[in-house]
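Visitor: Before we begin, could you show me the model, and then explain the reasoning behind the words used to describe it?

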Amino acid sequence: MNIEQTLQNHICEALKAEFDVIEYNIALQPTKKDFEGSYTFVVFPYVKSLKKSPIEIGNAIGEYLVKNTSVVSKYNVVQGFLNLSLPDFIWTNLYNSILSDENYGQLPAKNETVMVEYSSPNTNKPLHLGHLRNNFLGFSVANILKANGYHVVKTNLVNDRGIHICKSMLAYQKFGNLETPESAGLKGDHLVGKYYVIFDKNYKVEIEELKAKGLSEEDAKKQAPLLLEAQEMLLKWENNDPETIALWQKMNEWVFAGFSQTYEKMGVSFDKIYRESNTYLLGKETVEEGLKSGVFFKKEDGSVWIDLTDEGLDQKLVLRKDGTSVYITQDMGTAELKYNDFKMSKSIYVVGNEQDYHFEVLFKIIKKMNRPYSLGNFHLSYGMVDLPSGKMKSREGTVVDADDLMQEMVDTARDRTNELGKIDGFTPTEAEELYQTLAMGALKYFLLKVDPKKRMLFNPSESIDFQGNTGPYIQFNYARISAILRKAEQLGIEISPVSEAISLHPTEQELIFTLSDYPLKVEEAGRDYSPSLIAQYVYTLARAYSQFYTEVSIFNEEDKNLQAFRVGLSKIVAGTIKHAMELLGVSVPSRM
RNA sequence: GGUCUCGUAGCUCAGCUGGAUAGAGCAACUGCCUUCUAAGCAGUAGGUCACAGGUUCGAAUCCUGUCGAGAUCACCA
């Protein structure tokens, strides 16, 4: 039983003993910084029924707790708020238990499998800033779920076929002159992306030409020769035309090679990769089955639909009249495939909020189909990353490229570090490693500290900070602690549990309080699929340590017990910072 | 137009199932490195929580409406 529960129970007793009130739902909150105490109990709700003043009630409960329990050392009542202080032994007990827990922050195993699908790129253009948010989120959520005791399968559903892929293929065929990533000196994904842009340029020219001949914009878009050719190419692809398939394979390989470099830089990975070229035909059987069971119905033209009007939605097409699949058909099939592969109890889709409606429909269909996996589906719908000018648009060249941005971050990290003269004693390799660590720390923390549901703003003209509420700030505190631990080891200071009474500095008490909160945060972050909770937490912890660090001296402390305690406290703070940062996918340097 | 999300300091963001004088960081200004890493610490200044009603002992938080921003409503994915 943790402290909070113990306190709640005692307050329960106090209410019963003093006022004959039976109340099981005791809400405690952390005491605000301006007041003395650790936990606060609000007595306002009882004022009316007891016909006593808040002060009276607060005093009575406070008095009872101090007299009849050992867990409250002091109390004060301000207005209707009863602030409780805990005796030092409570804090040192907490310290001891955290110190002895090798895997602090890892929750008990649940014997349950969760799938996290994220990244899911198109193979016609390189990754951009939006993908960075997606990938960091997905990877972090997977880590958080692991810490919550789940068995986690990370998947990536790669969109490697379709008309948009044919567009870059066609442009390459027409204008590529057999260029290769090697000959062009470009990463494969960037090379293919280049041709996607070339397609669009030429397509637009054709549209203008057609419009000049008197066609409407709409007709021009549909009749432009390049588009018609691309559609033709898609048909060839679907008919396994050898030449088309060969080109497709070649270009896809380039893209995959490029992506895997980018993924490696990002520090993300997958357990299973699904390709749409393998799954796009799935789902038709599901539709057949649904037709038989009456979940779907067929219209006169032969197209198949589901009626979701009873759910507050519309009718939705699930199979075209020519019998071909649409997006949602594929997703139904893929869901079936994934479940057969892994039998997971939960399936998280990390996909932008522009697809809210799609997933609402998909999950409702799965429910109506009464699938065994119909309950655990969750769309982790994250907000777009906007630029000051608004949404990123590839056509207008306002896309922030993932590779470029990561490289810029490394350059910034190098400049900052050198300005500060912080790499004395580093080999060139170690220095480069540090720049990487800091760069990715700054970038990931920047993107993950914001609530995933909210859209966020990124200003490319201002580089991401390395000071204040940032990744490097937290990394800095870790590095500082590492230095302390190295010195403590040299001095032969041994860390052991606190056995005799010591009196704690406020910053020490605050640190233990914050540390003890960590497992709850891990649980909460897992429940809400929200890395931002971990990011905020680890910042709070680092800040609390920074205060401790400046206010309390370790190696000048004469009391050896106190000194060992402070080293031990530093150690568990470092351990928790490292654990939390790992949940975010951020590594921490031992020197910086 | 229908549905959904959002509107908190100059800027970027916190604010849990309603609770104290609304919190951080950046930017601005003031102090603090002969003492464990100053990518730091302490402090000052900055807010009618879009607006108007309502519920409540109590509302940034819940409800209704207004204004503003965005997403979505494809036989695209």
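Guide: Let us start with one residue of this predicted model: His-579 has a relative accessible area of 17% and is described as buried.

Visitor: Why is His-579 called buried?

Guide: The word buried applies under 20% relative accessible area, and His-579 has 17%, so His-579 counts as buried.

Visitor: Where does His-579 lie, and which residues does His-579 touch, leaving aside those up to four places away in sequence?

Guide: His-579 has its place in helix α22, and, with residues up to four places away in sequence not counted, His-579 touches Tyr-104, Gly-105, Gln-106, Ala-147 and Tyr-518.

Visitor: How is the packing of two helices described in general?

Guide: Two packed helices are described by the angle between their axes together with the distance between those axes.

Visitor: What makes α5 oblique to α22?

Guide: Helix α5, residues 129-147, and helix α22, residues 560-583, have axes that come within 8 Å and cross at roughly 130 degrees. An angle over 145 degrees would count as roughly antiparallel and one of 65 to 115 as roughly perpendicular; roughly 130 degrees fits neither of these, nor the class under 35, and therefore α5 is oblique to α22.

Visitor: Which residues make that contact?

Guide: On the side of α5 they are Ser-140, Asn-143, Ile-144 and Ala-147, while α22 contributes His-579, Glu-582 and Leu-583. Sorted by class, the contact of α5 with α22 has 3 nonpolar, 3 polar and 1 charged residues.

Visitor: How do you know that α6 and α11 are roughly perpendicular to each other?

Guide: Helix α6, residues 163-175, packs against helix α11, residues 242-266, at an angle of about 100 degrees, with the axes 10 Å apart. Angles of 65 to 115 degrees count as roughly perpendicular, and about 100 degrees falls in that range, so the description holds for α6 and α11. The contact is formed by Ile-165, Ser-168, Met-169, Tyr-172 and Gln-173 of α6 with residues of α11 that include Leu-247, Trp-248, Met-251 and Trp-254. By class, this contact of α6 with α11 has 7 nonpolar, 3 polar and 2 charged residues.

Visitor: What can be said of chain A as a whole, in its secondary structure and its buried residues?

Guide: The secondary structure of chain A comes to 22 helices and 14 strands, and of its 592 residues 52% count as buried, the word that was also used for His-579.

Terms used: Residues numbered from 1 in each chain as written. Chains lettered and ligands numbered in written order. Predicted model: local features only at pLDDT ≥ 70, side-chain atom pairs only at ≥ 80, totals over all residues. Heavy atoms only, no water. Axes fitted to C-alpha atoms, helices over the stretch in contact; angles between N-to-C directions. Helix = DSSP H or I, 4+ residues; strand = E, 2+ residues; numbered from the N terminus. Contact = heavy atoms within 4.5 Å. Nonpolar A, V, L, I, M, F, W, Y, C, P; charged D, E, K, R; others polar. Buried < 20%, exposed > 50% of the residue type's maximum accessible area, 1.4 Å probe, protein only.
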